[in-house]
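Me: I would like to walk through this structure step by step. Please keep the answers short.

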Amino acid sequence: MHTPKFTNNLIKETSPYLLQHAHNPVNWYAWNNETLALAKKENKLLLISIGYSSCHWCHVMEHESFESEEVAAVMNANFINIKVDREERPDIDQIYMNAVQLMTGSGGWPLNCIALPDGRPIWGGTYFPKENWINVLTQISKMYAEKPNDVIDYAVKLTEGIKKSDLITFNENVKEFSVADLNQITNTWQQYMDFDLGGRTGAPKFPMPNNYQFLLRYGTQATNDSIVNYVNTTLTKMAYGGIYDQVGGGFSRYSVDKKWHVPHFEKMLYDNGQLVSLYSEAFQATKNPLYKKTVYETLEFIERELTNNEGAFYSSLDADSINNEGKLEEGAYYVWTINELKSILGNDFNLFSDYYNINHYGLWEHNNYVLIRTKSNFEISKTHSISENDLAKKVENWQHILLNERNKKEKPRLDDKSLTSWNALMLKGYIDAYKVFDDPHFLEIAIKNATFILSKQLQENGNLNHTYKIGKSSINGYLEDYATVINAFIALYEVTLNEKWLANAKQLTDYTFDHFFDTKTSMFYFTSDEDHDLITRKMEIEDNVIPASNSIMANNLFLLSHYYSNSYYLKVSKQMLHNVKDRTAQYASGYSNWLQLACNFTGEFYEIAVSGKEALERIKEINKNYIPNKLIAGSISKSRLPLMEGRFSENETYIFVCVDGACLLPEKSTEKALSQIKIKF
């Protein structure tokens, strides 16, 4: 058996990313109070290197530099070296990413930052080839030894810049949100939209689920067909692309080209959770069968690869896997050569190669093909004189054969930690899929995961923990954990009418007011007041691939204000949106989840309250329709929830359509109740 030559402090950790580095010759430490105390005691600079287990360039830099004894000698002599899993400690990543962006104008992972022993940064960058890395480290340690005061002065200025960046102020102007604002914002945004291939113009192309959820809603409510068509183009091209695993389901992180073809092959839980929600909603709005197929295949992938026995979801699958030569190679698990495909598919090869572009369009590198579609089933069936039904059966059979064939290869490495926030995004995906497709299996998995969060991640004093691995819950939760769980629990209440989920959502909301809320700005900090201080305490404002924790909270407060007739929640929600109003106009794609909330304050927003023994059946009928400007409350017995009080009848099921608590006459028929709702602005 191979015995590692080196072992460092990371061997005590549970994060797969940190454990990957436990046998580097670099004397790595985890971020903790003992490590920081050691740096101060030895007056050594901190070298903070941040990444995550499925990050391709993190592996490249590890192999070139961190596994090199020559590099390790320089690092160990001059620095206290700290490895950080950005997924485990997003608070640390946020601060040093901000620092590197201020210094260099860009950021990414691996993120490498050098800081004073007290954590104030002085230099940073991303990936460095070995020789450059050695040169940089040598120069910086020499400068710190010879001119420490210059280095400290720079750190003071940079830390000040970090504290000031993204500062939010309390907006005291009159709060107004209008359709005209939304029209103008979307018109400006259009110059960055690729109307032919979908997504943002140019390359790389990232799936940004909250962008398309907002645009689908805006396009529908503002009757803007060109925006709705753009969303449908994007969703179709993504589902046809190589970014989508045509064999095993599920989406990769992003594509490096503009046609959604060749991805960075890592598959992240948070992308797939949100994309399931997006495709479910899009099916609800369009009834496009491609969207349903995408949801079902993605959830099959999640169950097969990223779910454990406790109902928790794992974090990710690596981009790299072992190739035929026994080396780690990006995408090796997912690509095919023509010879492989011919021998596997036999007589079906010609039809398959037209369907998945085994031609110059689908060719990647080293004679490998990444499967990509360009034609619909209808077009292929016409060209090849085969019925759509028979073609669909063939496609299913190909997927089955190729999946079995692929399973013979060594699988990509699994990051088997569970993060509360990402679990909540996947939980919401399952709930949205259940809501739209009425498949009880989806609800069963949703309830199992929600129960995992309640039983394992919610602690006795009311706080959530952020990570879970090998039966151990750890790391005090961040605002993203609370925001996403509250959001998912509200959604779970809407489809089950079990008030336990709504009550937990409210309890967690009140906890965030006690430990995260800043009364001066009416916004929430990313970290709890119970956490150890970093060099500054940040607020997450801008929507990225995952929406900002503040925008999710603002949306949650809007919904809970209606459920509990809580005017304070509504006031805070409105103020939070108002605080970012100017930013939404300048950079809509970075504020699209905030714009969802702006839609709630524009036009009518409906409370649909269903009371009676048939309430769940009526709600299923309502959910066949795309109604973005509503929430659902309901009960199958008497309820003390403000929206439901006094509405229960033993003999009949009634649907009440209300706006701000003022209700129209109750209806027994779903169709009649729906006719009272106006979706358009």
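Me: What percentage of the 681 residues of the protein chain count as buried?
Reply: This is a predicted model. A residue is buried when its relative accessible area is under 20%. Of the 681 residues, the share that meets this is 60%.

Me: How many helices and strands are there in the protein chain, and what is its radius of gyration?
Reply: The chain holds 26 helices and 21 strands. For 681 residues the globule rule gives 26 Å, and the chain comes close to that, so it is as compact as a globular protein of that length. Its radius of gyration is 26 Å.

Me: Which residue forms a salt bridge with Glu650?
Reply: The closest N and O atoms of the pair are 3.2 Å apart. Because a salt bridge needs such atoms within 4 Å, the pair qualifies. Glu650 sits in the loop between β19 and β20, and its partner, 37 residues away, in the loop between β18 and α25. That partner is Lys613.

Me: Why are Asp510 and Lys506 separated by about one helical turn?
Reply: Their side chains meet in a salt bridge, at 2.9 Å from N to O. Both lie in helix α20. They are separated by about one turn because their spacing in that helix is four residues.

Me: Is Glu303 buried, partly exposed or exposed?
Reply: Glu303 lies in helix α12. It gathers with Glu300, Glu396 and Glu444 in a surface patch of negative charge. Its relative accessibility is 31%, so Glu303 counts as partly exposed.

Definitions and conventions: Residues numbered from 1 in each chain as written. Predicted model: local features only at pLDDT ≥ 70, side-chain atom pairs only at ≥ 80, totals over all residues. Heavy atoms only, no water. Patch = residues over 30% accessible without salt bridge, like charges linked within 9 Å, V, L, I, M, F, W, Y side chains within 5 Å. Areas by Shrake-Rupley, 256 points an atom, 1.4 Å probe, with all protein chains shown as cover. Lys, Arg positive; Asp, Glu negative; His and termini not counted. Charge placed at Lys NZ, Arg CZ, Asp CG, Glu CD. Helix = DSSP H or I, 4+ residues; strand = E, 2+ residues; numbered from the N terminus. Buried < 20%, exposed > 50% of the residue type's maximum accessible area, 1.4 Å probe, protein only. Rg over C-alpha atoms; globule rule 2.2 N^0.38 Å.
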